[in-house]
Amino acid sequence: QNRGVRVRYVSVSGSASNLSADTVNRMGRSIGFVNKVTNPLVLSGGNDAENTMEAIRRHSASFRHQNRALCAHDFRQLVKTHVRSVADVRILRGVDKNGRQGSGYVTLVALPDRKYGQSQFPKIQKQIMDLLSDKISPVFGTEGRLSVRMPEFVSVCVKSRIMVDDYDKVSIVEKGLLGQMEKYLDPRHWDIGMLPEETELRNTLFAVPGVLGVKHLEMNLFIGTAPRDRKELFGNPFVLPINGTHQFQIIVRLKND
């Protein structure tokens with residue numbers, strides 16, 4: 001009778017060990033009666049050794065905050081230097097984890113460094129809370145006024161008509177547009193709490209080589225599968241844009257037209 005064996009282990013290989021589910025498919029050596037292995041869950045949390053500049057910044061920051069979190073800058077520096085699986089963190093004072101105003105509350109909005117890190121956020125959350133437990137006023141811990149949460153990811157989906165001057169450029173331009181949007185909407189390049197403007201999107205698309213014009217640009221926002229109005233999200237301190245699904249109608253306008 002065949003029985004599955006589940007093994008839990010820790011392997012330190014830096015960022016190379018961050019893998020999506022079902023990526024591991026072979027063993028480094030043969031083990032009797034084991035003919036197949038896989039990873040049902042994503043593997044995350046691996047970080048490469050810090051470089052010289054990162055070490056300098058970490059030591060410089062330690063002189064300023066003296067291992068205590070007294071102001072927003074201290075919170076950010078402590079998290080960024082000690083929890084390296086976090087790409088960015090925003091400190092919100094006077095705001096609880098649900099976005100409600102409240103005296104004495106501090107909410108840390110932390111962005112995982114890699115896409116696989118989102119599923120492992122509870123571990124990141126615990127790391128941050130453990131890190132800060134002895135570096136903050138006891139009031140925060142005893143009254144639950146300190147919280148850590150992920151951003152509110154907002155999928156940005158664009159519909160637009162794109163003008164080109166050659167039929168041979170259609171596929172190249174379409175590929176360039178999709179690549180440009182993926183790069184532009186990388187959440188690591190945005191401040192938490194910010195969303196793109198249509199003018200910025202138009203300029204971003206127009207910058208793709210081969211694009212002559214951008215017509216009828218429409219930006220749609222979604223949280224999960226639910227459409228959201230920009231006015232509804234305006235002022236939300238947790239929002240963060242991510243790349244959505246785009247529809248580009250590419251129109252060829254020949255030079256002699």
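Reader: What makes the meeting of α5 and α6 a contact?

Author: In this predicted model, L177, Q180, M181 and Y184 of α5 meet E200, L201, T204 and L205 of α6. Contact here requires heavy atoms within 4.5 Å. By class, the α5 and α6 residues involved are five nonpolar, two polar and one charged.

Reader: Why is α5 called oblique to α6?

Author: The axes of α5 (residues 170-184) and α6 (residues 198-206) cross at roughly 135° and come within 9 Å. Angles over 145 degrees count as roughly antiparallel, and 65 to 115 as roughly perpendicular. The crossing angle of roughly 135° belongs to neither range, so α5 is oblique to α6.

Reader: Which hand does the crossing of α5 and α6 have?

Author: The crossing of these two helices, α5 and α6, is right-handed.

Reader: Why is α2 described as oblique to α3?

Author: Helix α2 covers residues 72-82 and helix α3 residues 121-132; their axes come within 11 Å, crossing at roughly 125°. Roughly perpendicular ends at 115 degrees, and roughly antiparallel needs an angle over 145. Roughly 125° fits neither, and therefore α2 is oblique to α3. The crossing of α2 past α3 is right-handed.

Reader: Which residues of α2 and α3 make the contact?

Author: From α2 come F75, L78, V79 and H82, and from α3 come I128, L131 and L132.

Reader: How many nonpolar, polar and charged residues has the contact of α2 with α3?

Author: The contact of α2 with α3 has six nonpolar residues, one polar and no charged ones. Phe, Leu, Val and Ile count as nonpolar, whereas His falls among the polar residues.

Note on methods: Residues numbered from 1 in each chain as written. Predicted model: local features only at pLDDT ≥ 70, side-chain atom pairs only at ≥ 80, totals over all residues. Heavy atoms only, no water. Axes fitted to C-alpha atoms, helices over the stretch in contact; angles between N-to-C directions. Helix = DSSP H or I, 4+ residues; strand = E, 2+ residues; numbered from the N terminus. Parallel < 35°, antiparallel > 145°, perpendicular 65-115°, else oblique. Left-handed = near helix turned anticlockwise from the far one by under 90°.
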